[in-house]
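Let's take a walk through this structure together, one neighbourhood at a time. Have the sequence and the 3D view open as you read.

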Amino acid sequence: MRSSPNRVLLAGVAAGALLLTGCTSGGGGGTEPAAAGREAGSPLDSLDLDALTIPDLQAMMDGGELTAVQLTQAYLDRIAEHDDEVGAVLTLNTQALPDAQASDDARADGGARSELEGIPVLLKDNVDTADLPTTAGSRLLVGSEPDDATITTRLLEAGAIVIGKANLSEWANFRGDGSTSGWSGVGGQTANPYVLDRNPCGSSSGSGAGVSASFAQVAIGTETDGSIVCPAGANGVVGLKPTLGQISRTGIVPISAEQDTAGPMARHTVDAAILLSVVAGADDEDAATGLAPDDVDTAFTDLDLDALQGARIGVWSPAADSGVDAATLQVLTDTVATLEAAGATTVPVELPYTEEFGAGETPALLAEFDRDLTAYLEATDGDVPDDLAGLVAENADDPVELAYFGQELLVGAIDAPDATATRETIRALAQRSIDETLAQGAGAEDDLTAVVALTNTPAWLTRYLSVDGVADDFLYSSSGPAAVAGYPSVSVPAGFAGPQGALPVGVSFTGTGWADADLLDVAADFEDAAQARRAPGFLPTVGA
């Protein structure tokens with residue numbers, strides 16, 4: 001709904017600027033976050049943020065070696081040091097340190113409320129927060145006044161520290177045909193922390209780059225198709241696109257309720273599992289969360305590091321004409337060797353029906369976007385467009401929004417025909433594609449635990465349609481079957497390729513519906529065996 005204009009907050013803010021605002025859960029004054037919290041003799045300088053896991057940090061805080069205030073300060077210092085280069089953090093919570101102090105007090109009074117107690121988290125800026133802006137990257141949502149999303153409430157109740165909001169590809173990369181991933185009208189361009197002139201992939205670009213660069217311990221991303229797993233692969237982190245309905249979507253700016261889901265992003269599988277365990281669960285306002293089978297395994301944090309022993313893993317390789325380069329293909333070859341060395345049997349597979357359900361995906365999403373985004377706008381207080389048509393009209397008058405690419409998808413969504421039948425058809429085909437592939441023979445002993453494929457090819461040079469004549473140089477993706485099926489997929493760092501071998505490549509494990517816990521087991525075991533991740537170096541360039 002539209003109310004009196006109050007977009008003064010960001011009026012004139014340059015693209016890429018960091019917004020200092022708000023209070024997510026604590027009180028207190030609005031002092032510069034990086035100016036307080038450091039203590040004489042604190043462990044900040046010795047913390048290896050990249051390597052430490054949440055269990056490591058909880059042990060340190062329980063043992064009195066570290067406080068949530070100190071940990072939060074370490075991340076604020078890291079943001080201050082490197083985010084001018086990366087541009088991953090769109091809005092910084094000025095109350096992060098008071099929130100951290102409240103967490104320390106809660107721990108002292110009664111112990112940690114959850115495994116996320118005192119842990120800094122970045123939220124993608126399409127996840128509603130009552131005390132921080134939620135813009136989906138669009139300047140037209142700067143004046144929105146939403147309530148907390150369900151997952152925001154769960155994080156705060158668990159004692160997590162929302163350190164800020166992450167930049168994203170505007171409207172979750174569903175605005176124009178020639179979009180550049182990682183760019184938004186509010187936040188400007190997010191860079192890949194490994195090589196700064198390379199793209200972080202979209203649309204959870206800030207979440208992936210921010211976690212990779214150690215701007216937070218974990219982050220929330222969202223995916224409709226590829227927007228968690230691709231930035232995870234391109235930025236060298238773990239990203240889980242969970243089963244549709246595993247996590248509530250209430251209070252998240254939508255593309256389509258038929259495919260959208262939030263999910264965890266982290267440097268370590270165990271941290272992704274812990275984040276999932278806190279935000280997952282039923283929500284009366286999101287019917288999909290009520291579809292979980294009674295016997296679904298939700299012990300996400302009970303990871304099995306012998307999961308690959310005796311497992312059967314399908315290997316889905318790129319087509320011969322895919323254009324995937326030899327160095328990237330070698331990452332998949334090395335992945336197969338790692339899986340087999342860990343005790344798995346690998347089976348070459350080819351997923352069927354991909355062309356059929358792929359052809360129907362965009363028409364379905366266009367119709368669903370108009371329906372679901374309009375419903376979100378109608379339910380959101382503040383100065384926001386009334387509907388998709390109003391949004392398109394206001395974009396046309398904005399001096400920044402259409403500078404680099406257009407809004408063809410928004411325009412097409414307005415008059416898109418009903419696609420209910422198309423959705424039913426493509427979902428069934430995508431589910432069959434995965435389930436039939438997993439069922440490799442007459443007996444259960446022939447079934448596959450998961451299918452593995454390359455998540456991404458190396459990150460491309462960031463370019464803009466109106467400036468360079470080309471935008472995203474997206475070459476290969478394996479995300480489509482899980483996305484359209486509503487099934488889980490998890491990307492794990494697997495190696496490096498590209499110029500000078502400087503760019504991360506991930507592999508994705510895909511399973512059947514509600515098999516998220518099993519996939520996390522496989523991911524954790526593979527991560528442990530491969531040891532493929534290394535910290536980013538913020539290189540300016542490695543050439544073309």
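Two strands count as paired if DSSP finds at least two bridges between them. The elements themselves are DSSP runs numbered from the N terminus, with helices (H or I) of at least four residues and strands (E) of at least two. What you see is a predicted model, in which local features need pLDDT of at least 70 and side-chain atom pairs count only at pLDDT 80 or more, while totals for chains, interfaces and linings use all residues. Residues are numbered from 1 along each chain as its sequence is written, and side-chain values use heavy atoms, with hydrogens and water left out.

Let's begin at strand 10 (261-266). Strand 9 (residues 238-241) runs antiparallel to strand 10, and two bridges join them; here G239 has M265 as its bridge partner. Strand 8 (218-223) is also antiparallel to strand 10, this time with six bridges, and T222 stands opposite A262. How well is strand 10 covered? Six of its six residues are buried, where buried means under 20% relative accessible area, exposed means over 50%, and partly exposed lies in between (1.4 Å probe, protein chains only). The cover extends to both faces, with T261, G263 and M265 buried on one side and A262, P264 and A266 buried on the other.

Strand 10 also helps to cover helix 4. Helix 4 (residues 150-157) has six of its eight residues buried, namely T150, I151, T152, R154, L155 and L156. These pack against strand 3 (120-124), strand 5, strand 8, strand 10 and helix 8 (269-279), with contact taken as heavy atoms within 4.5 Å. Just after helix 4, G159 takes a positive phi of about 90°.

Helix 3 is another place to look for a glycine of this kind: G111, just after the helix, takes a positive phi of about 90°. Helix 3 itself (residues 96-110) has 15 residues and reaches 21 Å from its first C-alpha to its last, close to the 21 Å expected at 1.5 Å a residue; the expected span is 1.5 Å times one less than the number of residues. The buried residues of helix 3 are A96, L97, D99, A100, S103, D104 and R107. Viewed down the helix axis, they fall within an arc of 155°, so they line one face of helix 3; the arc is that of the directions from the axis to the C-beta atoms. On the other side, A108, D109 and G110 are exposed. The cover over the buried residues includes helix 1 (54-62), helix 2 (68-86), strand 2 (89-93) and strand 5 (161-166).

Now move along the chain to strand 11 (residues 312-316), which is largely enclosed by the rest of the structure because four of its five residues are buried. Strand 11 runs parallel to strand 12 (residues 345-349), joined by five bridges, and G314 has V347 as its bridge partner. To get from strand 11 to strand 12, the chain passes through helix 9 (residues 326-341) in a right-handed β-α-β crossover: with the strands pointing away from the viewer, the path from the first strand over the helix to the second runs clockwise. Strand 11 also pairs in the parallel sense with strand 14 (residues 450-454), over three bridges, and V315 is partnered there by V452.

Strands 12 and 14 are also among the elements that cover helix 13, together with helix 10 (354-379), helix 15 (480-485) and strand 16 (503-510). The buried residues beneath this cover are R423, I426, L429, A430, S433, I434, T437 and L438.

Which residues touch the most other members of the largest nonpolar core? Among its 117 residues, they are L155 and F509. Such a core is a set of buried Ala, Val, Leu, Ile, Met, Phe, Trp, Tyr and Cys residues joined through side-chain atoms within 4.5 Å. Helix 2 gives the most to this core, with eight residues. Leaving aside neighbours within four places in sequence, the contacts of F509 include I313, L339, V451, V452 and F526. A second, separate core has 21 residues, among them A136, A172, V253 and L391.

Our last stop is E401, in the loop between helix 11 (388-397) and helix 12 (408-414). E401 counts as buried because its relative accessibility is 0%. Its C-alpha atom is 8.8 Å from that of V186, although the two residues are 215 residues apart along the chain. Beyond four places in sequence, E401 touches residues including R139, E170, R175, W183 and N395.
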